[in-house]
Amino acid sequence: RRHGAVSLALATFDRSGGDERVRDVARRVDLSQRRFIQVFAAEVGLTPKSYCRLRRFQKARDLVRNVLEPDWARVAVDCGYFDQ
């Protein structure tokens, strides 16, 4: 059985493609950021930040999966990457 905060966080992160801020989700589930990270990591096996990074990468992979010459700059922007 999953902690309610983790279920809500997973749904939020998945819906946003990993673009939601961890502190905003922690506030929404009424936990301190530190406690939220502990609970999430214990149940998911990744910290929320790592989970969001993985979701963004998966989104990028899905966008270029069947494209011969992807526009990498567009993919980066669409997936929330903003730094080189």
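Contact here means heavy atoms within 4.5 Å. This is a predicted model, where local features need pLDDT of at least 70, side-chain atom pairs count only at pLDDT 80 or more, and totals for chains, interfaces and linings use all residues. Residues are numbered from 1 along each chain as its sequence is written, and side-chain values use heavy atoms, with hydrogens and water left out.

**View 1. The whole chain, an α-α-α-α-α pattern.** The protein has five helices and zero strands; these are DSSP runs (helices H or I, at least four residues; strands E, at least two), numbered from the N terminus. Its C-alpha trace spans about 45 × 25 × 15 Å along the principal axes. Take the contacts with a separation of 6 or more: 47% of them involve residues 24 or more positions apart. Of the 84 residues, 29% count as buried (buried is under 20% relative accessible area, exposed is over 50%, partly exposed is in between; 1.4 Å probe, protein chains only). About 6,100 Å² is exposed, with carbon and sulfur atoms supplying 49% of that; the areas come from the Shrake-Rupley method with a 1.4 Å probe.

**View 2. Helix α4 and what it packs against.** Helix α4 covers residues 48-64. Its 17 residues should span 24 Å at 1.5 Å a residue, and the end C-alpha atoms sit 25 Å apart, so the two agree (the expected span is 1.5 Å times one less than the number of residues). P48, Y51, C52, R56, A60 and V64 are the buried residues of this helix. They pack against α1, α2 (22-28), α3 (33-44) and α5.

**View 3. R56, a buried arginine with no salt bridge.** A salt bridge needs a side-chain nitrogen of Lys or Arg within 4 Å of a carboxyl oxygen of Asp or Glu. For R56, the nearest side chain of opposite charge is D19, and that one is 4.7 Å away. Skip the neighbours within four places in sequence, and R56 is in contact with G17, G18, D19, C79, G80 and Y81.

**View 4. R55 and D14, a salt bridge between α4 and α1.** The structure holds six salt bridges. In this one the side chains of R55 and D14 meet at 3.0 Å, N to O. The pair ties together distant parts of the chain, with R55 in helix α4 and D14 in helix α1 (residues 4-16), 41 residues apart. R55 is partly exposed at 24% relative accessible area, and D14 is partly exposed too, at 34%.

**View 5. E20 with R28, and R74 with D78.** The closest N and O atoms of E20 and R28 are 2.8 Å apart. E20 is partly exposed at 22% relative accessibility, as is R28 at 46%. For R74 and D78 the closest N and O atoms are 3.1 Å apart. Both lie in helix α5 (residues 72-78), four residues apart, about one turn of the helix. R74 counts as partly exposed at 45%, and D78 does at 35%.

**View 6. A salt-bridge network, plus the charge layout.** R61, D62 and R65 are linked in a network of salt bridges. Across the protein, the mean positions of the 17 positive and 11 negative charges are 7 Å apart. Lys and Arg count as positive and Asp and Glu as negative, leaving out His and the chain ends; each charge is placed at NZ of Lys, CZ of Arg, CG of Asp or CD of Glu.
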